[in-house]
Amino acid sequence: MLGGINRSVFATADDELRPVMNGIYFDITTEDITMVASDGHKLVRCKTLAAKGNERAAFILPKKPATLLKNLLPKEQGTVTVEFDERNAVFMLEKYRMVCRLIEGRYPNYNSVIPQNNPHKVTVDRQQLVGALRRVSIFSSQASSLIKLRVQDNQIVISAQDIDFSTSAEETQVCQYAGAPMSIGFKSTFLIDILNNISADEVVIELADPSRAGVIIPVEQEENEDLLMLLMPMMLND
């Protein structure tokens with residue numbers, strides 16, 4: 001449960017018009033619990049097989065109590081019991097008991113947003129990619145933070161330019177990719193956020209085309225966990 005909250009709380013929105021997006025959605029079945037967070041640009045879906053419910057149910061936990069739980073759970077050893085109704089949830093830990101108000105409303109169908117057929121699969125070292133993104137993104141437009149990823153023949157070319165200041169940068173990273181050459185644009189800050197919230201050494205970036213979301217999955221999943229992250233692309237000018 002801690003892993004799911006840790007990995008998803010950063011993707012929650014601050015949207016007054018759509019309050020359901022401002023929390024973590026708990027989708028509970030008798031076999032597992034799926035935690036989902038999205039702000040419309042990025043989405044995190046973390047399925048934990050180590051926790052389950054008595055019956056099919058769901059609730060939306062606001063960002064503030066989720067952050068509190070994120071800080072409390074590392075101090076706890078035992079199991080966490082969650083009881084909830086339509087308005088409130090009670091989290092019972094060994095030393096703490098937290099009662100919070102839930103967000104009322106219907107959460108969007110998150111599975112319909114995740115593209116299923118992604119023929120372009122890029123396997124890359126996560127930390128090396130984060131380092132390259134940080135270096136190159138300094139030269140991106142301050143307004144958009146747009147970076148371009150071009151994948152071809154076992155390499156990924158990361159580039160950015162700021163037309164206002166006439167600056168640009170490009171860096172090439174080694175990756176595993178054997179498909180057709182393809183370019184896609186992302187907001188660098190969002191992509192770095194996503195990669196920093198994955199603990200695996202390597203990630204697979206699954207792409208369909210430049211207008212569809214990129215799916216980012218760790219090569220090695222944590223025990224009893226199924227993690228998937230998604231990032232909407234940005235339009236490239238060229």
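## Starting with a pair of strands

How many bridges join strand β6 and β7, and in which sense do they pair? Keep in mind that the model you're looking at is a predicted one. Strand β6 covers residues 88-92, and its pairing with β7 is antiparallel, with five bridges. If you want one of these bridges to look for, find F91: its bridge partner in β7 is M98.

## The three-stranded sheet

Now zoom out a little. β6 and β7 belong to an open sheet of three strands, which run in the order β5-β6-β7 with antiparallel pairing. At the edges sit β5 (81-84) and β7 (97-101), and each of these pairs on one side only. Going from one strand to the next, the twist averages 15°. As for what holds such an arrangement together, strands of a sheet pair through backbone hydrogen bonds, in either a parallel or an antiparallel way.

## The four-stranded sheet and its helices

Further along the chain there's an open sheet of four strands, again antiparallel, in the order β11-β10-β9-β12. Here the edge strands are β11 (167-174) and β12 (182-187), each with pairing on one side only. The twist averages 20° from one strand to the next. Strand β9 (residues 146-152) pairs with β12 in the antiparallel sense over six bridges, and K148 has G185 in β12 as its bridge partner.

Two helices pack on this sheet. Helix α3 (residues 126-137) touches β9, β10 (155-162) and β11, and its direction makes about 170° with that of β11. Helix α4 (residues 188-196) touches β9 and β12, and its direction makes about 90° with that of β12.

## Nonpolar cores

What about the inside? In soluble globular proteins, nonpolar side chains tend to be buried together. The largest nonpolar core in this model has 55 residues, and the ones with the most contacts inside it are F26, L61, F91, L133, L149 and L191. Domain 1 (1-113) and domain 2 (120-234) both supply residues to this core, so it lies between them. There's also a second, separate core of 16 residues, with M21, I60, I114 and L230 among them.

## Rings that pair up

Time for the aromatic rings. The count comes to five aromatic pairs. One of them is F26 with F59, a stacked pair with 4.7 Å centre to centre and 10° between the planes. F26 lies in strand β1 (residues 23-28) and F59 in strand β4 (residues 57-62), so the pair ties together parts that are 33 residues apart in sequence. Both F26 and F59 are buried.

F59 has another partner too, F84: their ring centres are 4.5 Å apart and their planes are at 50°, so this pair is tilted. It links distant parts of the chain, as F59 is in strand β4 and F84 in strand β5, 25 residues apart.

Are F59 and F84 buried or exposed? F59 has a relative accessible area of 5%, and buried means under 20%, so F59 is buried. F84 comes out at 30% relative accessibility, and partly exposed covers the range between 20% and 50%, so F84 counts as partly exposed.

Put the rings together and you get one aromatic cluster made of F26, F59, F84 and F91. You've met F91 before: this residue has M98 as its bridge partner, and F91 is listed with F26 among the residues with the most contacts inside the largest core.

Definitions and conventions
Residues numbered from 1 in each chain as written. Predicted model: local features only at pLDDT ≥ 70, side-chain atom pairs only at ≥ 80, totals over all residues. Heavy atoms only, no water. Pairing = 2+ DSSP bridges. Axes fitted to C-alpha atoms, helices over the stretch in contact; angles between N-to-C directions. Contact = heavy atoms within 4.5 Å. Core = buried A, V, L, I, M, F, W, Y, C linked by side-chain atoms within 4.5 Å. Buried < 20%, exposed > 50% of the residue type's maximum accessible area, 1.4 Å probe, protein only. Domains from an automatic or database assignment. Phe/Tyr/Trp six-rings, centres within 6.5 Å; stacked < 30°, edge-to-face > 60°.
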